[in-house]
Amino acid sequence: MANLADRLRMLVELRSENFDLIRAKANDSVKDRNGSSTNMLALDLRFFAVADYYLKHDVDSFQRQLTEAAELEIGLFLRHAAGEPIDDSYVSMLSYKSLFNALAAKNRDVAKRLALNMGGRDVLEKKYDHPFDYVMGYTLRAFVLNDFTEMERWLPKLFVACEQHKLTDLLGYAQVFQAILEKDSLLANEGFQSIVRGHVRQAKANRIFANTIDEILCIWGIGMANLAAARQLQIAAIPPLLPGDLINPTDIRE
């Protein structure tokens, strides 16, 4: 089978056929009663964001659609808090993936608003979250909110989670978090090299990013790079997975 990049134009055509229908369902309070259509729309926006960047080199579309995807996640949290029957899985710490979307879009305001809605639902988080996702969620939340106490609490747990659950390909994220704490650009760039090496491995066979749009761009890594740049670290691009025009620190939206 051809890799995803080779099939991307065809996949865009196929997914475009149903996009308007998915958006209509997400806007229908009856059809989207449990939030599933909103979740599907957010996933589509993420897909088209990467496709527009890869096929058209459209940075604005990439950032705009990832921002909308993250805003949809915020909406699910607010609806859940208001008592709507939103599926509990949509408000677990798995939402850190949407937090990476906001960071990759360079939209710090949306990232902060999402982070403020995350966490504090221990029963459902323990039910739906893999231990790594649980710890990654709380770690990323702490760094987005610049909560030093929580950063020091969760970062050691992230290092342990990567080792315990045989996810050493993701250790680069913990290394970059550590570099942000230490304000060390050299350590951060070493961490990004580790992130990209691990990402390449995890995009093969039946691993985390295989057969997903993440084969084309390392969205988590782009988000991390923008977070590090916002903390005044100098981050080098690693194309094609971490392209320079998506991690340029001079264009971070508030």
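**α3 against α4**

I started with the pair α3 and α4 in this predicted model. On the α3 side I found Phe62, Leu66, Ala69, Ala70 and Glu73, and they meet Ser98, Asn101, Ala102 and Ala104 of α4. Sorted by class, that contact of α3 with α4 comes to six nonpolar, two polar and one charged residues. I then looked up the geometry: the two axes come within 8 Å and cross at roughly 145 degrees. The crossing of α3 past α4 is left-handed.

While in α3 I also checked Gln63, which sits in that helix. Is Gln63 buried or exposed? I get 2% relative accessibility for Gln63, so it counts as buried, the cut-off being under 20%. I also took a long-range distance from here: the C-alpha atoms of Gln63 and Arg231 are 20 Å apart, with their positions 168 residues apart along the chain.

**α4 against α5**

Next I moved along to α4 (residues 96-104) and α5 (residues 108-117), which pack at about 160 degrees with axes 8 Å apart. That angle makes α4 roughly antiparallel to α5, since it is over 145. Their crossing is left-handed.

Which residues meet here? From α4 I noted Ser98, Leu99, Ala102 and Leu103, and from α5 Val110, Ala111, Leu114 and Ala115. The class count for α4 with α5 is seven nonpolar, one polar and no charged residues.

I looked at burial in α5 and found Val110, Ala111, Leu114 and Ala115 buried. Viewed down the axis of α5, the buried residues stay within an arc of 135 degrees, so they line one face of the helix. I asked what that buried set packs against, and the list is α3 (59-81), α4 and α7 (131-144).

**The loop, and other backbone oddities**

I went through the backbone angles with one thing in mind: most residues other than glycine have a negative phi, and most peptide bonds are trans.

Lys106 is in the loop between α4 and α5. I read its phi as near 60 degrees, a positive value in a residue other than glycine. Lys106 has 2% relative accessibility, so I put it down as buried.

Just after α5 I hit Gly119, with a positive phi of about 90 degrees.

Gln232 is in the segment after α11. Its phi is positive too, about 70 degrees, although the residue is not a glycine. Is Gln232 buried or exposed? I find a relative accessible area of 63% for Gln232, so it is exposed, the cut-off being over 50%.

Pro240 also belongs to the segment after α11. I checked the peptide bond from Pro239 to Pro240 and found it cis, with omega near 5 degrees.

**Ile219 and Arg46**

I picked Ile219 next, which is in helix α11 (residues 219-230). Its relative accessible area is 0%, so I logged Ile219 as buried. What does Ile219 contact, leaving aside its neighbours within four places in sequence? I listed Arg46, Val50, Leu66, Phe100, Asn101, Ala104 and Asp214. For one of these I looked up the backbone distance: the C-alpha atoms of Ile219 and Phe100 are separated by 6.9 Å, although the two residues are 119 apart along the chain.

Arg46 was on that list, and I followed it back to helix α2 (residues 36-56). Arg46 is buried as well, at a relative accessible area of 12%. With neighbours within four places left out, I see Arg46 in contact with Leu66, Asn101, Ile213, Asp214, Ile219 and Trp220. Leu66 and Asn101 had already come up in the α3 and α4 contact.

**α8 against α9**

I ended on one more helix pair, α8 (residues 148-164) and α9 (residues 171-182). What angle do they pack at? I get about 155 degrees, with the axes 9 Å apart. α8 and α9 are therefore roughly antiparallel to each other. α8 passes α9 in a left-handed crossing.

The α8 side of the contact is Phe148, Met151, Leu155, Leu158, Phe159, Cys162 and Glu163. The α9 side is Leu171, Ala174, Gln175, Phe177, Gln178 and Leu181. By class I have 10 nonpolar, two polar and one charged for α8 with α9.

Key. Residues numbered from 1 in each chain as written. Predicted model: local features only at pLDDT ≥ 70, side-chain atom pairs only at ≥ 80, totals over all residues. Heavy atoms only, no water. Helix = DSSP H or I, 4+ residues; strand = E, 2+ residues; numbered from the N terminus. Buried < 20%, exposed > 50% of the residue type's maximum accessible area, 1.4 Å probe, protein only. Contact = heavy atoms within 4.5 Å. Axes fitted to C-alpha atoms, helices over the stretch in contact; angles between N-to-C directions. Parallel < 35°, antiparallel > 145°, perpendicular 65-115°, else oblique. Left-handed = near helix turned anticlockwise from the far one by under 90°. Nonpolar A, V, L, I, M, F, W, Y, C, P; charged D, E, K, R; others polar. Arc of directions from axis to C-beta.
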